[in-house]
Amino acid sequence: MPTEEIRVRGTVQGVGFRPTVYRLAKACGLRGDVCNDGQGVLIRVSGSEEALTEFVARLQTECPPLARINQLTRIIYESEFNFDNFVISPSVSNAIKTEITPDAATCPQCQQEIFDPFSRFFRYPFTNCTHCGPRLSIIRAIPYDRCNTSMSAFAICSECAKEYHNVENRRFHAQPVACHACGPIAWLERADSKSVTASMFSMLDDVDAVCTLLQKAEIVAIKGLSGIHLACDATQETVVQKLRQRKKRYHKPFALMARDIEVIEEYCTINAKEKELLTSPAAPIVLLQALGKKQLSSSVAPGQNTLGFMLPYTPLHHLILRRMNHPIVLTSGNIADEPQCIDNDEAREKLDKIVDYFLFHNREIINRVDDSVVRVIGDKIQTIRRARGYAPAPISLPPGFHNLPQILAMGSELKNTFCLLREGEAILSQHLGDLENAATFKAYQETLNLYLNLFEHKPEVIAIDKHPEYLSSKLGKELADTNQIKIYQIQHHHAHIAACMAENIIPLDSPPVLGIALDGLGYGDDGRLWGGEFLLADYRKFQRLATFKPVAMIGGEQAIYQPWRNTYAQLIAAKLWDNCQEQYADLEIVKFLNKKPLKLLNQLMEKGINSPPASSVGRLFDAVAAAIGICRDECSYEGQAAIAMEAIIDVISLNNDKETLIYPFDFIFSDSIYCIDPRPMWQTLLNDLQQQIPQSVMAAKFHQGLANAIVEMVKYLCQENLINQVVLTGGVFQNCILLQQVSKRLQTFGIKVLIHSLVPANDGGLSLGQAVIVAAKLIHED
């Protein structure tokens, strides 16, 4: 009787894959065994050829909901195995080549059980099965067995053990399985350390009491699946403002959670794709158009026309929101830009002045994972922050990337991720934040060490950003020196373009594309700051064909948070400031700038002191926003002015392509490179300010004009270099209006446009680009 060894690689551990194998093998009358090991799942099976063929076919069509088969290989054995039946064997520890499953939102069956009074899981906030629950957030090592997770602290009870060992039960070999009798518990504490019980509120339990506290305008820290969140009633302005002041997060929009889709629809419009995302196992925050029947606190998302909503993704959240008929704020449990708290004691120490109550539990969070953020543009998903629900699911590399050494890419300074490259796939970490914060940098190092250990990844090559002051680059150099391995410095915008190429499965040896990388800034090959680049690029190399005219960033980093600095620098670069004093002296922006220490600023620019020239399109957005009166004086986070300006755009003007409704840009050839010069745009904008044209119209004209300038430059460069494929990347292309305008216009000229979906267009996707560039260089060297 034929005997085979079947090797399955992919997302196949912790998702009910072995029980499915067991069930199908029994149904097909096969003998043998199945086990987890470091490479995935190993099946040894004996039976008729017909039965084996049916088994393999059904294994792929009846795959569990969270599983993904990347590769299935079959090897024929000459002798039979010594099995009388089919069994699940203990896991085997060997070289780690399998995947770690992302945390998954509560499945419909578990949701039903926690609200069923006759279920033993009734109101149990940690209910889970093989179709849902914690994965990445609780894992210490592979294989994914209970002993390698934070659930090892909880001895399984007899009732849970029965389900765990029952192949007909969906909790068969579900590692985090637990119940009221044997699992983690949740409890309520007051921030002032005074005792509290649910009976004080006449509630069912401490979890139910949280709903009452939120309704009473209290702020509660809730320890969830992969981090601690701060919650309050999103409809009460006073408490939302209080949370902003206490958390020191003054303008950045808050995330929201609602009980169900019906509640969200009272505040936002939701299309089919957005609903699919909200209800998916990943359960991300989805940015939705705020055009609903009801209004939230104005402080939830100031200056925005979108709201970031998510649905409950754990039983704990479902139970809290059962009686809540409107949304709650659910934002990261931290102060300002520090990492999200994950430990009870840490939360008591850092959050006691922010919250009124804590809802804690005693299951340790091993791996901090923020909520993912996505949006839908047209019919395509755009990932803004890749974290819970998506990371660390691997990204398959394009054809040509094979036989690679293990590569580690360190990422950037802001919105950091790192990337491990191995055997045809990239493992991108969850979003880790801005490394300029000391606590975030420490968390970055801890997470990096965890990943290297989890995946037994021993880098043979390290990729870093070219910027000499990025902490990720400095750490990469230290690691390379310590381990005596080769290091590559990768140009920032080339990495952006390569990341987009990789996720769009552009083969290694494809001809070059025209990459348009627009962002805040990145270190250029000439030692200057780039940020508006047109690069002829493949995976190995690039040529800079065009850019935006460089303008001084007065005060360096201060220019990011004080947009007026960029306005003044742009007017000086356009040689319009003297004209402003004569012709436009009554304009608010001119009066505002005249109150600033212009003599000192001029000296800084003339002497090149902390005023580096940058071709940054991000700073151009800031400059225009400040000129028309948006976030003029200061911003509390990068991109705030640009986001606010996008939100007010007049749609009628945007859809009108008359030249009078498009700000003009010049095209010049300077320093051996083509440049887009905004000088005529500024002249027209000043005239509009003088004529008191509405902000919304000027914002539309700027977006139209910028899109038009980009497209005209692309048309010329494509003709000159015989290119018909364009990549749009960089954080500026998270602007929906600009992305849609540029894409639509290019496609009308028959140019193929590649954009991001799986990984962020911002620096969150940079490490993927760094990794594939190094891989391509190594393959070329061979």
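**View 1. What packs over helix α20 in this predicted model.** The buried residues of α20 are covered by, among others, α19 (617–627), α23 (695–721) and α24 (736–748). Seven of the eight residues of α20 (residues 640–647) are buried, so the rest of the structure largely encloses this helix. If you want to pick them out, they are Q640, A641, A642, A644, M645, E646 and A647.

**View 2. Strand β22 and its partners β23 and β29.** Here's another element that is largely enclosed by the rest of the structure, because nine of the eleven residues of β22 (residues 513–523) are buried. β22 runs antiparallel to β23 (residues 529–537), with eight bridges joining the two. With β29 (residues 725–729) the pairing is parallel, and four bridges make the connection. I516 of β22 is a handy landmark: its bridge partner in β23 is F534, and it stands opposite L728 in β29.

**View 3. The hairpin of β22 and β23.** Zooming in on the turn, you'll find five residues between the strands. Look for G527 here, which takes a positive phi near 80°.

**View 4. An open sheet of five strands.** Reading across, the strand order is β4-β1-β3-β2-β5, and the pairing is mixed. β4 (68–77) and β5 (86–88) sit at the edges with a single partner strand each, so one side of each has no neighbour in the sheet. On average, neighbouring strands are turned by 15° against each other, direction ignored. At the β4 edge, nine bridges join β4 to β1 (residues 3–11), and the two strands run antiparallel. One pair to look for is G10 with its bridge partner in β4, I69.

**View 5. Helices α1 and α2 against the five-stranded sheet.** Helix α1 (residues 17–27) packs on the sheet and touches β1, β2 (31–37), β3 (40–46), β4 and β5. The direction of α1 makes about 175° with that of β5. Helix α2 (residues 49–61) lies across β1, β3 and β4, and runs at about 165° to β4.

**View 6. The second largest pocket and its lining.** This pocket has a volume of about 690 Å³. It's lined by 25 residues, and those closest to its centre are R68, A282, G389, Y390 and A393. At least two lining residues come from each of α8 (272–278), β15 (380–385) and β16 (395–396). Sorted by class, the lining has 14 nonpolar, seven polar and four charged residues.

Conventions
Residues numbered from 1 in each chain as written. Predicted model: local features only at pLDDT ≥ 70, side-chain atom pairs only at ≥ 80, totals over all residues. Heavy atoms only, no water. 1 Å grid on protein atoms, 1.4 Å probe; cavity = no way out; pocket = protein on both sides within 12 Å on 5 of 7 lines; lining within 4 Å. Points joined across faces, edges and corners; volume = space filled by probe spheres on them. Nonpolar A, V, L, I, M, F, W, Y, C, P; charged D, E, K, R; others polar. Buried < 20%, exposed > 50% of the residue type's maximum accessible area, 1.4 Å probe, protein only. Pairing = 2+ DSSP bridges. Contact = heavy atoms within 4.5 Å. Axes fitted to C-alpha atoms, helices over the stretch in contact; angles between N-to-C directions.
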